[in-house]
Amino acid sequence: MSKVLRYALVVGSAIATILLFLLASASDNTGFLARNFSWLVGVNTAVALALLLLVVVYLARLYSRYKAGRFGSRLMARLVLLFAGIGILPGLVIFMVSVMFVSHSIESWFDVKIEAALDSGLKLGQAALDEALSDLGATASTTAATLGGQGDDSAHIVLMRTVDEGMQSAMLLAADGKLLVAAAEDRRSDFSGDLPTAQMLKQAAMPGGYARIEGGADRDFRDNGEHNGLDAATGRRLRVVLAVPEPPGMAPRYLQLLQSVPVNLASNAEVLSTAYSEYQDRKVGRTGLRKMYIGTLTLTLLLAIFGAIGSAFLIAGNLAQPLLVLAEGTRAVAEGDLSPRPIVETNDELGTLTQSFNAMTGQLFEARSAVERNRAALESAKAHLESVLGNMSAGVIVLDAEGVVVNSNDAVHRILQVDIAALAGRALDQIEGLETFAEAVGRAFSAQSAAQSAAQGGPGGASRRGPRRSHWQQEIEIPRRPGTDDDHDITLLARGSRLPVGAGSGFIVVFDDISDVISAQRSVAWGEVARRLAHEIKNPLTPIQLSAERMQMKLADRLDPQGAELLKKGTDTIVNQVDAMKRMVDDFRDYAKAPPAVLTPLDLNGLITQILNLYLAEDESDVIHTALAADLPRIMGDPTQLRQVIHNLLQNAQDALADRPPEDRAARIDVITEAIHYVGADGGSGTAVRLAILDNGPGFAPKILSRAFEPYVTSKARGTGLGLPMVKKIVDEHGGRIDVANRADGSGASVSILLLKLAPEANLAGNLAGA
Amino acid sequence: MLAFACVTAQAADGIDITRNRIEASEDGYRLDAMYAFDLTTSLRQALQGGMPVYFTTEIELTRPRWYWYDDRAVAARRTVRLDYDVLARVYHVLVIGSVQQTYDTLDDALLAIRRPGRWLIGQKGALKPGETYEVTLRMFMDRDYLQKPLQIDALNNSDWRLTSHKKTFTYRAE
């Protein structure tokens with residue numbers, strides 16, 4: 001829109017300039033332009049109107065923008081006013097002066113004196129011609145008087161004499177205009193063109209006769225050709241026609257005299273008359289001339305003004321645009337938009353300014369994106385760190401120099417059973433349930449500090465600088481929190497170090513629950529003890545048994561019946577106890593060195609069904625219920641060992657149910673197998689088989705639960721405490737996992753075995769096809 | 001004289017066509033027309049200052065044709081020049097392309113213009129006998145011959161305007 005207007009303005013101005021030039025040229029009184037003057041005026045007016053329209057449109061737009069408070073309109077308005085003023089004012093001044101000048105100068109051309117002089121000159125010329133005419137008239141009357149009554153021959157002589165006096169021609173004519181006698185300066189001349197008309201003759205008959213100045217320049221001829229007084233004068237002549245005073249009875253005759261006006265007089269008079277006519281023309285035309293000049297000037301002024309305003313718009317627009325771009329840019333930057341602005345294509349300071357502005361916003365943008373990148377990197381690093389911390393199995397507690405908890409991870413909650421995250425900001429030793437832990441940690445840090453100070457051999461102050469041993473490590477045993485039903489202690493391996501936190505120093509404590517490790521160590525130790533004990537004990541057992549049997553055999557006959565009875569009792573007791581001891585020792589040996597498992601593909605469900613045949617009576621009294629998954633994959637297992645596992649677990653469950661009070665609800669054992677799908681560490685999916693045996697007995701005692709897989713831990717009066725350890729050992733050899741727990745609703749125990757080694761796919765597929 | 005005054009009064013700033021007739025003669029068609037007008041004061045003064053005044057008569061004979069453009073049978077234009085010889089103090093009337101007439105008084109000269117001779121506007125075969133033609137006649141002081149300043153002045157000055165309305169009448173060709 002604006003571009004169109006702009007082009008229109010430029011084109012309009014160009015047209016106006018050309019037209020104005022034509023118009024100014026047309027003011028000269030000649031040629032093609034003069035003839036098309038009105039047309040030119042019309043076109044100029046039209047262009048002026050078009051420019052006016054354009055300017056009005058521009059002004060209206062500017063005004064509406066100004067009213068709307070559009071950004072930049074004030075600057076634009078000021079610039080437009082300025083430039084328009086600069087353009088218009090000189091134009092107005094020149095116009096005023098020109099109008100005054102034209103009006104006055106045109107009036108000054110017409111002077112009363114000049115007019116009077118021309119008038120007088122004309123009258124002089126007229127008088128001179130009149131004089132010549134009256135002279136000719138007098139000559140004619142004299143000649144006519146002489147001619148009266150004379151015949152043609154004598155008349156010819158008279159005429160000849162008259163012609164000699166300077167006439168062009170002299171003729172004697174009849175009343176009907178017929179030539180009677182003629183005489184001429186040039187004897188060969190033809191008189192027919194000079195004959196008087198009937199009207200002339202009619203007038204000649206009147207008293208006074210006909211006397212007339214004839215000829216003169218033809219106006220058309222004078223207009224078209226170069227004007228020359230001499231040429232014009234050649235046509236000027238005087239004609240007098242008179243009636244000849246005839247004696248009565250004779251037919252009336254007429255005398256015509258033609259005389260050329262003297263060239264001198266004629267040409268001067270002609271110049272004078274021409275000048276007079278032209279002066280009169282100019283005088284008549286002066287209003288038109290003034291109108292023409294003033295009109296042209298006014299039109300010029302209008303075109304100049306509109307052109308000036310239009311140009312003012314263009315210039316102001318060009319000047320204001322870079323500023324507007326910059327202002328727009330600053331506003332955008334303030335709003336956070338750092339995208340580059342359009343560059344103003346000029347070589348001056350404004351162009352440089354916009355370029356600098358763009359450079360500045362570019363640098364800002366760079367700086368801001370760098371900050372953003374750093375922040376994002378930091379955030380992701382922090383998130384990563386936090387996720388590492390959060391997923392660590394070890395508990396991490398960060399303390400400041402005063403022992404106040406700064407940070408901790410989820411593992412702390414799991415291990416210590418304390419919601420330490422909610423307690424952040426409190427001193428560690430103020431937190432309920434952690435007094436022992438806090439005391440141990442504090443002591444350890446103090447001891448380390450003391451050791452360091454001692455090692456450096458200097459006062460405590462010096463130890464602040466210089467290298468320190470970075471950490472301490474210590475096992476801490478803390479009691480379970482009161483209120484939980486587990487009264488077993490937790491063994492922690494804690495590691496502490498100092499670290500700078502903020503301005504001061506702080507402490508970091510990392511600890512892990514090593515109860516399981518301790519348990520395993522205990523288990524290994526027990527195994528060793530059992531093996532040695534079994535070996536050491538078993539050796540003397542056979543001699544003891546043999547000695548006892550031999551004593552009975554040899555002494556039975558020698559003793560009295562009473563004594564023999566006593567002996568038999570005694571030796572039987574010895575033999576029985578030795579047998580029992582042997583069994584016990586065998587158990588120990590079996591536990592200590594169980595044969596390695598031989599893994600073969602195995603249908604776990606089939607094995608379970610086989611075993612359960614021994615337990616099931618197939619009637620209402622059965623307490624064992626099975627829920628075996630139909631599509632259970634085959635596993636790799638040693639059938640003998642797995643059989644022992646299942647036997648042990650079922651035995652445990654039955655033992656647990658036997659202890660329960662009779663008024664309780666019906667005893668029940670569930671045997672469940674199922675396929676478990678899990679996501680492996682390498683991201684691939686895997687399948688495992690789970691075997692669970694649940695009972696609704698009293699469940700494990702808390703103390704037993706944490707150490708269930710250690711040998712000689714039993715709740716049973718006659719158990720060896722080797723059942724579950726054996727199970728655990730077998731499961732470990734199968735590469736599986738075993739978990740013992742009390743059921744979530746508190747009604748009984750649950751043992752869950754996860755077997756991860758499955759039979760190869762080919763076997764499975766073959767098995768499926770066979771089925 | 002009284003009638004003439006009335007006519008001029010009616011045509012205060014214009015020319016009245018008081019008679020318009022087309023006659024068929026042996027050599028062709030002639031216009032027999034009379035005009036009533038008087039020169040304005042400005043014109044009269046300019047004339048007596050030596051400025052020639054031109055009068056142009058335009059006539060057009062058309063035959064309406066319902067199926068095509070109108071048939072423009074005759075279109076003629078004649079200009080008469082009136083000027084004053086300031087030296088000889090006589091008025092010349094010149095029908096351009098013809099001979100010049102000289103009159104002693106302005107009235108005589110104007111009379112020659114007001115009542116021109118019959119003007120041959122078309123040859124014998126120019127019109128189809130029996131057909132009816134529409135004639136448009138117009139007579140005016142021709143400003144094209146004025147000097148340019150006067151032409152400009154005439155744009156808004158009625159002193160320099162002397163023109164008739166277009167007079168239309170029908171003529172049945174013989």
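Student: Let's start with the open sheet that has mixed pairing. What's the strand order there?
Tutor: In this predicted model, that sheet is built from 5 strands of chain A, ordered β12-β14-β15-β17-β16, and it's open with mixed pairing.

Student: Which strands sit at the edges?
Tutor: β12 (624–628) and β16 of chain A are the edge strands, each pairing on one side only. From one strand to the next, the twist averages 20 degrees.

Student: How many bridges join β15(A) to β17(A)?
Tutor: There are 6 bridges between β15 (residues 685–695) of chain A and β17(A), and the two run antiparallel. For a concrete pair, take Ile693(A): its bridge partner in β17(A) is Val751(A).

Student: And what does Val751(A) stand opposite in the other pairing, with β16(A)?
Tutor: Val740(A) stands opposite Val751(A). Strands β16 (residues 737–742) and β17 (residues 749–755) of chain A are antiparallel and joined by 6 bridges.

Student: What about the hairpin of β16(A) and β17(A), how many residues are between the strands?
Tutor: It has 6 residues between the strands, and Gly746(A) in that hairpin takes a positive phi near 80 degrees.

Student: Okay, helices. Which strands does α16(A) touch on that sheet?
Tutor: Helix α16 (residues 604–615) of chain A packs on the sheet by touching β12, β14 (669–679) and β15 of chain A. The direction of α16(A) makes about 170 degrees with that of β12(A).

Student: And α17(A), what does that lie across?
Tutor: α17(A) lies across β14, β15 and β17 of chain A, at about 35 degrees to β15(A). There's a helix partner too: the axes of α17 (residues 639–658) and α19 (residues 723–733) of chain A come within 10 Å, crossing at roughly 145 degrees.

Student: Is the crossing of α17(A) and α19(A) left-handed or right-handed?
Tutor: Left-handed.

Student: Which residues make that contact?
Tutor: From α17(A) you get Gln641(A), Gln644(A), Val645(A), Asn648(A), Leu649(A) and Asn652(A). From α19(A), the contact uses Gly723(A), Met726(A), Val727(A), Ile730(A) and Val731(A). By class, the contact of α17(A) with α19(A) has 6 nonpolar, 5 polar and no charged residues.

Student: Why would you call α19(A) largely enclosed by the rest of the structure?
Tutor: Because 9 of the 11 residues of α19(A) are buried. Among the buried ones are Leu724(A), Pro725(A), Lys728(A) and Lys729(A), as well as the contact residues Met726(A) and Val727(A).

Student: Anything odd in the backbone just after α19(A), and what is it?
Tutor: Gly735(A), just after α19(A), takes a positive phi of about 70 degrees.

Student: Switching to the antiparallel sheet. What's the order there?
Tutor: That open sheet has 5 strands of chain A in the order β2-β1-β5-β4-β3. At the edges stand β2 (179–184) and β3 (210–214), each with a single partner strand, so one side of each has no neighbour in the sheet. Direction ignored, neighbouring strands are turned by 15 degrees against each other on average.

Student: How many bridges join β1(A) to β5(A)?
Tutor: β1 (residues 169–174) and β5 (residues 253–260) of chain A run antiparallel, with 6 bridges. One of the partnerships is Ala174(A) with Arg253(A) in β5(A).

Student: Which helices pack on it, and where?
Tutor: Helix α6 (residues 152–164) of chain A lies across β1, β2 and β5, running at about 30 degrees to β2(A). Helix α7 (residues 198–205) of chain A touches β3, β4 (237–244) and β5, and its direction makes about 55 degrees with that of β4(A).

Student: Now the long helices. How do α4(A) and α10(A) cross?
Tutor: The axes of α4 (residues 73–109) of chain A and α10(A) come within 8 Å and cross at roughly 165 degrees, which makes the two roughly antiparallel. Their crossing is right-handed. The contact of α4(A) with α10(A) has 28 nonpolar, 5 polar and 3 charged residues.

Student: Last one: how many residues are in contact between chain A and chain B?
Tutor: 24 residues of chain A are in contact with 19 residues of chain B. On the chain A side, α3 (37–68), α5 (112–147) and α10 (263–334) each supply at least two residues. The largest share, 13 residues, comes from α10(A).

Student: And what's the split by class on that side?
Tutor: The side of chain A that touches chain B has 10 nonpolar, 11 polar and 3 charged residues.

Technical notes:
Residues are numbered from 1 along each chain as its sequence is written. Chains are lettered from A and ligands numbered from 1 in the order in which they are written. This is a predicted model: local features need pLDDT of at least 70, side-chain atom pairs count only at pLDDT 80 or more; totals for chains, interfaces and linings use all residues. Two residues are in contact if their C-beta atoms, placed from the backbone, lie within 7 Å. Helices (H or I, at least four residues) and strands (E, at least two) are DSSP runs, numbered from the N terminus. Ala, Val, Leu, Ile, Met, Phe, Trp, Tyr, Cys and Pro count as nonpolar, Asp, Glu, Lys and Arg as charged, and the others, Gly among them, as polar. Axes are lines fitted to C-alpha atoms, for helices over the stretch in contact, and angles run from 0 to 180 degrees between N-to-C directions. Angles under 35 degrees count as roughly parallel, over 145 as roughly antiparallel, 65 to 115 as roughly perpendicular and the rest as oblique. A crossing is left-handed if the near helix is turned anticlockwise from the far one by less than a right angle, and right-handed if clockwise. A residue is buried if 20 or more other C-beta atoms lie within 10 Å of its own, exposed if 12 or fewer, and partly exposed in between; C-beta atoms are placed from the backbone. Two strands pair if DSSP finds at least two bridges between them.
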